[in-house]
Amino acid sequence: MPEHQEKSIVLSIERLSPSVYRLTLHAPLIAGEARPGQFAMVACGSTLDPLLRRPISIHQCSGDGRLQLVVKVVGRGTQLLSEIRAGQTLDLLGPLGRGFRLSPGPVALIGGGIGIAPLLFLAQSLMQTGQADASCRVLLGAQSGEDLAPLAAGFETLGCHVELATDDGSLGRHGLITDLLPAHLPNLGKVYVCGPHPMMAAVAALCASAQVDCEVSLEAHMACGLGACLGCAAPGADGRYKHVCKHGPVFKAEEMAWTTR
Amino acid sequence: MDNAMTIPSQPDLRVALGPLALANPVMTASGTFGYAAEFANLVRLNRLGGVVVKGISLEPRAGNPPPRIFETAAGMLNAIGLENVGVKRFISDKMPHLRTCGCRIVVNILGDSIDDYAALAGHLSAVAGIDALEVNISCPNVKKGGVAFGTAPEMAAAVTRAVKQETDLPVIVKLSPNVTDIVVMARAVAESGADALSLINTLIGMGIDARTRRPRLANVIGGLSGPAIKPVALRMVWQVASAVSIPIIGIGGIGTAEDAIEFLLAGATAVQVGTANFYNPGATEQIIDGIADYLRQQGESSVQAIIGGLRLGA
Ligand SMILES: Cc1cc2nc3c(=O)[nH]c(=O)nc-3n(C[C@H](O)[C@H](O)[C@H](O)COP(=O)(O)OP(=O)(O)OC[C@H]3O[C@@H](n4cnc5c(N)ncnc54)[C@H](O)[C@@H]3O)c2cc1C
Ligand SMILES: Cc1cc2nc3c(=O)[nH]c(=O)nc-3n(C[C@H](O)[C@H](O)[C@H](O)COP(=O)(O)O)c2cc1C
Ligand code: FES
């Protein structure tokens with residue numbers, strides 16, 4: 001599964017909420033090979049500052065070479081990405097990393113905030129391959145309804161059963177999405193989760209005690225995305241460091257050490 | 001009449017680092033290109049002058065806790081902690097692919113003691129497919145209270161002699177820039193028998209998060225690399241080239257052919273591309289092509305003609 005350095009063309013950019021943007025790109029090489037949970041290293045600017053590419057998950061791909069990214073503006077690199085315009089080019093390196101391992105049976109997808117972005121691709125693949133059906137649970141949370149609604153769109157039309165929660169109670173349940181998980185756990189074969197680290201740690205712990213398989217998608221500061229710089233270390237359960245860009249970003253929860261942070 | 005002159009042909013890019021002949025002067029810098037396999041889908045490895053692999057120690061090293069990297073203005077700090085698979089697994093797991101790269105393979109070595117360096121040189125000398133050793137002396141000498149080998153001329157000289165004694169491979173010694181006078185270090189190493197020098201390694205730096213009042217790196221301090229360090233590296237290469245007669249490999253912030261050419265003009269015989277591999281994986285091939293273009297434009301038939309070609313004075 002080779003990586004490509006591809007000069008993609010920006011087809012459109014839409015603002016989904018005050019800080020979240022969806023970029024639709026023409027990137028046939030990467031779109032043709034990407035799997036759910038993989039990411040691209042995106043060159044946000046055209047100068048030497050900011051210097052490094054930013055890791056961004058693949059949100060959706062289509063057979064005609066289109067690829068979508070959903071970006072939350074948190075700093076300089078993502079700010080530059082939000083300012084890109086249709087017709088411009090965007091230099092991508094991808095598809096990178098090890099994605100979700102699709103397995104048949106009753107599953108739940110749990111996403112928090114911008115961590116919801118890679119889950120749509122996963123849900124599509126699970127539903128289209130028939131490995132999941134209407135029993136597929138999608139539990140999504142964010143700070144407010146304004147943040148959550150645009151990210152949560154698309155799952156229901158796939159036929160998944162969607163439940164929402166917000167910190168401020170403006171959409172769905174008032175509280176943490178992880179509070180909704182225990183009720184479902186007895187019926188689940190596997191849980192996929194992507195979101196803030198404390199949320200993933202909580203889901204990993206719940207799954208471990210219920211003996212349900214759990215896959216987590218981790219974040220780390222990255223320079224290369226290729227397994228070369230060794231900058232993206234995360235502690236594994238075996239006491240050794242894993243490299244998030246190469247061994248991950250998706251890991252089996254039990255592979256990782258969840259003690260600190 | 002003399003129409004052969006009018007069509008510029010492919011310039012001769014070959015250079016020699018003492019006993020080590022390279023097809024062109026562009027190599028990859030240790031720690032920024034993994035063991036080459038990581039870039040095999042993105043770079044035609046057989047086009048490179050050489051690959052310098054991630055630093056290898058006698059035993060595997062786990063490296064530092066995260067965060068290990070932090071981006072700075074036109075640069076980055078790293079505190080990887082010399083994570084590597086150790087010499088045994090390097091030979092069994094990494095060398096088979098490296099032998100197929102079709103370019104020079106240089107193995108970067110590091111140790112806690114002079115004996116470590118000597119033992120590594122001994123081990124690696126017996127391995128087919130290795131063209132040279134590069135000795136990273138920017139590591140702490142555990143027996144000398146953790147002072148880096150590369151910051152004391154007598155220790156740098158002792159490491160160089162110990163490695164030379166154990167191997168017939170060409171030995172490149174990689175200098176640390178974190179010294180008062182780089183020329184003193186270069187002379188000490190050259191007089192101890194090094195075949196070539198490479199410089200510079202990273203400059204020690206630090207980052208602080210004002211909001212949390214915490215260091216940006218778990219290790220607190222780390223090595224600065226990338227375009228930000230180029231002027232310092234260029235100055236050091238020029239000073240060393242003016243002082244020693246063995247060949248020099250210029251390293252530090254090289255991302256374009258123009259950058260590389262500046263180092264050649266300052267007196268480097270070859271260059272290594274480091275951090276640029278991260279932000280532009282195609283950098284090395286673009287630099288090779290760009291050097292050839294420059295030579296054609298300048299009417300030079302070989303890269304050798306511009307090495308040390310800096311014009312001083314009026
Ligand atoms: C595998 C992976 C997938 C990701 N997918 C998405 C996505 O689909 N959408 C999205 O909006 N964000 C995603 N992120 C997070 C995104 O990479 C960061 O928000 C982004 O790098 C921040 O850059 P900045 O310049 O805006 O912020 P700054 O804080 O100015 O960045 C400074 C430095 O820190 C690094 N950094 C800061 N925050 C993070 C972070 N959370 N993770 C990794 N590096 C960080 C930057 O890359 C940069 O080198 C993903 C991260 C990873 C590791
Ligand atoms: C992530 C990273 C890891 C590195 N690891 C090593 C190493 O193992 N051994 C070594 O001698 N130099 C190492 N270096 C230093 C580089 O080889 C090079 O000397 C330095 O980065 C300056 O060049 P640059 O500005 O082109 O990156 C490393 C640099 C970086 C950025
Ligand atoms: S980001 Fe470079 S090894 Fe993972």
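Ala, Val, Leu, Ile, Met, Phe, Trp, Tyr, Cys and Pro count as nonpolar here, Asp, Glu, Lys and Arg as charged, and everything else, Gly among them, as polar. Keep in mind that this is a predicted model.

Q: How many polar residues does the shell around ligand 2 have?
A: Sort the shell by class and you get seven nonpolar residues and two charged ones. The polar class in the shell around ligand 2 comes to 15.

Q: Why is the ligand 2 site shared between chains?
A: There are 24 residues around ligand 2, and the closest include Ser30(B), Lys174(B) and Thr275(B). Chain B isn't alone, though: the site is shared because the residues surrounding ligand 2 come from chains A and B.

Q: How much of ligand 2 does the protein bury?
A: Start with the contacts: a polar side-chain atom of Asn108(B) sits 3.0 Å from an oxygen atom of the ligand, and a backbone N or O atom of Ile200(B) is 3.0 Å from a ligand oxygen atom. A polar side-chain atom of Asn201(B) lies 3.4 Å from an oxygen atom of ligand 2. On its own, ligand 2 exposes 610 Å², and the share of that buried by the protein is 98%.

Q: Which strands stand at the edges of the open sheet in chain A?
A: Chain A has an open sheet of seven strands, ordered β4-β3-β7-β1-β2-β6-β5. An edge strand has a single partner, so one side of it is left without a neighbour in the sheet. In chain A that goes for β4 (54-57) and β5 (60-61).

Q: What is the bridge partner of Lys7(A) in β7(A)?
A: Strands β1 (residues 4-17) and β7 (residues 89-96) of chain A run antiparallel, joined by six bridges. Within β7(A), Lys7(A) has as its bridge partner Asp91(A).

Definitions and conventions:
Residues are numbered from 1 along each chain as its sequence is written. Chains are lettered from A and ligands numbered from 1 in the order in which they are written. This is a predicted model: local features need pLDDT of at least 70, side-chain atom pairs count only at pLDDT 80 or more; totals for chains, interfaces and linings use all residues. Side-chain values use heavy atoms; hydrogens and water are left out. A residue is near a molecule or strand if one of its heavy atoms lies within 4 Å of it. A polar contact is a pair of N or O atoms within 3.5 Å; within protein, one must be able to donate a hydrogen and the other to accept it, and residues adjacent in sequence count only if both atoms are side-chain atoms. Accessible areas come from the Shrake-Rupley method with a 1.4 Å probe; for residues, only the protein chains shown count as cover. Two strands pair if DSSP finds at least two bridges between them. Helices (H or I, at least four residues) and strands (E, at least two) are DSSP runs, numbered from the N terminus.
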